[in-house]
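Colleague: I'd like to learn how to read a model like this one. Could you walk me through it?

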Amino acid sequence: MEPGAERLYEYTAAEIVGRTLAALVPPDHPDELPGILDRVRRGEHIEHFETVRVRKDGGRVDVSLTISPIRNSEDRVVGASKIARDITARKEEDRRKTEFLALLAHELRNPLAPLRNALQVMRLAGDDRASAERTQAMMERQLQHLIRLVDDLLDVSRISQGKLQLRRERLSLSAVVGGALDVCRQVVEQHGHQLTVALPDEPVEVDADRTRLAQVVCNLLTNAAKYSEPGNRIWLTARREEDEAVVVVRDEGIGIPPPMLTRVFEMFTQVDRSLEKSHGGLGVGLGIVKRLVEMHGGAVEARSEGEGRGSEFVVRLPVAGPAVGTHQPPDQRAGEATPPGPRRILVVDDNEDSADSLGQLLELLGHEVRTAYDGEAGVTEAGAFRPHVVLMDIGMPRLNGYDAARRIRGQPWGKQVVLVALTGWGQEGDRRRSREVGFDAHLVKPVEPAALDKLLAESQATTG
Ligand code: ADP
């Protein structure tokens with residue numbers, strides 16, 4: 001037996017000599033060895049045969065076998081050479097991936113079921129206003145939940161590819177906390193928890209990405225709500241400790257067993273996966289939190305005295321150095337956007353439902369709308385319709401959105417058109433590319449109505 005096999009099966013060469021191969025084959029695979037021997041005798045070469053083998057200590061190891069017949073000078077099979085590879089790590093990864101996909105399907109189905117029910121209710125309820133409003137509010141909640149799941153998935157993929165980027169600006173810690181509360185106070189209160197917020201007395205500033213830090217705090221708050229009994233108390237505290245801005249989220253919920261306190265920050269890790277204890281979630285939230293906090297030069301830590309004793313998450317960020325000049329972040333321009341007047345708008349998207357529903361929405365808002373379902377048709381329609389604004393998908397058959405945008409910009413009438421990319425790709429590289437081909441703006445699907453309104457109002461200001 002060669003040294004690799006010694007390591008794999010934990011027998012020494014001396015120990016295995018004289019034993020038959022059968023010692024390595026688990027007893028519940030009785031037909032395997034005869035089958036393999038038969039095939040080798042027939043002269044067959046067996047590649048990547050995946051099975052299990054028994055080690056000396058009785059433990060099992062996942063292996064991939066490659067077996068070739070050895071022939072004598074008369075071309076008769078007289079033996080076999082065998083290579084066994086330990087594939088335990090790959091098997092484990094496969095298992096985790098499969099488990100994750102099952103969890104993902106389950107979690108996506110959760111909001112889908114009520115959405116489907118809601119459609120049915122709308123069909124049956126006729127013009128019962130109260131019922132329609134209740135149903136709409138529910139659809140909105142479920143849709144938000146679905147969007148959050150998809151956003152988390154995209155974040156995980158960005159993180160694993162190293163493509164996540166921060167847009168940092170100087171912010172007060174109180175503004176960060178306020179921003180987070182805007183986003184998720186509702187989720188916390190929906191569970192009937194009592195939230196107590198404490199802000200620092202003195203101004204504390206950090207150099208941070210507003211949206212991403214709000215996401216961090218929201219994630220911790222949502223977890224605190226999820227893993228507590230309804231009516232429990234939750235504390236959100238922001239303060240300065242020497243050179244650090246500290247945000248603490250504390251709850252009185254189910255707590256975390258000590259061995260899991262660091263592991264909960266690993267991607268795809270949940271303390272209890274059993275379905276009856278499912279709290280909804282993909283087990284990636286804290287992994288994203290940790291990565292985002294580290295990208296800000298900070299650290300996050302979990303504390304708990306154990307099961308049933310509540311949990312505390314502490315985020316530490318470096319306090320920003322002294323301010324240079326008075327820089328105003330660009331998105332704090334004065335005044336509310338006034339609703340835009342009627343515009344001619346062309347929607348180009350090969351997902352016809354997507355194009356039509358957006359078109360319908362824009363018409364209800366008083367605009368004149370046309371739709372096209374591929375890039376070519378989009379360019380032609382733009383020539384005929386002379387829209388003020390074009391909302392354009394990027395990935396399309398015939399002519400993609402980038403090329404269509406370039407062509408429109410190349411026309412004498414195309415210089416004035418406000419071109420808006422509307423896509424599922426929201427990474428910095430995608431945004432840069434759409435700027436380069438001449439888009440004025442880049443919105444990520446599903447578009448928030450407020451973002452669209454703001455854009456249309458701005459288009460009116462520039463094109464009159
Ligand atoms: P999930 O989608 O499962 O909530 P997270 O990454 O946000 O994923 O959290 C990972 C795991 O950490 C959770 O499944 C849960 O077991 C545990 N956990 C997170 N926050 C808390 C908390 N406040 N109290 C108790 N357990 C928590």
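Modeller: Sure, we'll go through the domains, the ligand site and two single residues. Keep in mind that this is a predicted model.

Colleague: Let's begin with the overall layout. Which domains does the domain assignment give?

Modeller: The assignment splits the protein into domain 1 (3–86), domain 2 (92–160), domain 3 (168–318) and domain 4 (344–463). For spacing, you can compare C-alpha centres: those of domain 3 and domain 4 are 38 Å apart.

Colleague: On to the ligand. How many residues surround the ligand, and which are the closest?

Modeller: The shell has 20 residues, and the closest are Lys226, Tyr227, Asp251, Gln270 and Leu286. By character, the shell residues come out as 10 nonpolar, eight polar and two charged.

Colleague: Which helices each supply at least two residues of that shell?

Modeller: Helix H7 (210–226) and helix H8 (285–295) do. The largest share belongs to H7, with three residues.

Colleague: And the polar contacts? Which atoms lie 2.9 Å from an oxygen atom of the ligand?

Modeller: Look for N or O atoms within 3.5 Å of each other. Here, Asn223 places a polar side-chain atom 2.9 Å from a ligand oxygen, and a polar side-chain atom of Lys226 is likewise 2.9 Å from an oxygen atom of the ligand. Leu286 takes part through its backbone: an N or O atom there lies 2.8 Å from an oxygen of the ligand.

Colleague: How much of the ligand's accessible area does the protein cover?

Modeller: On its own the ligand has 530 Å² of accessible area, and the protein covers 96% of that.

Colleague: Now single residues. Is Thr423 buried or exposed?

Modeller: The cut-off for buried is under 20% relative accessible area. Thr423 has 2%, so Thr423 is buried. Thr423 sits in strand E14, residues 418–423.

Colleague: Which residues does Thr423 touch, leaving out those up to four places away in sequence?

Modeller: Thr423 touches Asp393 and Ile394, plus His442, Leu443, Val444 and Lys445.

Colleague: What about Gln360: buried or exposed?

Modeller: For exposed, the threshold is over 50%. Gln360 reaches 53% relative accessibility and therefore counts as exposed. Its place is in helix H9, which spans residues 352–364.

Colleague: How far apart are Gln360 and Arg370, in sequence and in space?

Modeller: Always check both scales. Gln360 and Arg370 are separated by 10 residues in sequence, and their C-alpha atoms are 9.7 Å apart in space.

Terms used: Residues numbered from 1 in each chain as written. Predicted model: local features only at pLDDT ≥ 70, side-chain atom pairs only at ≥ 80, totals over all residues. Heavy atoms only, no water. Helix = DSSP H or I, 4+ residues; strand = E, 2+ residues; numbered from the N terminus. Buried < 20%, exposed > 50% of the residue type's maximum accessible area, 1.4 Å probe, protein only. Contact = heavy atoms within 4.5 Å. Near = heavy atom within 4 Å. Polar contact = N/O pair within 3.5 Å; in protein donor to acceptor, adjacent residues only side chain to side chain. Areas by Shrake-Rupley, 256 points an atom, 1.4 Å probe, with all protein chains shown as cover. Nonpolar A, V, L, I, M, F, W, Y, C, P; charged D, E, K, R; others polar. Domains from an automatic or database assignment.
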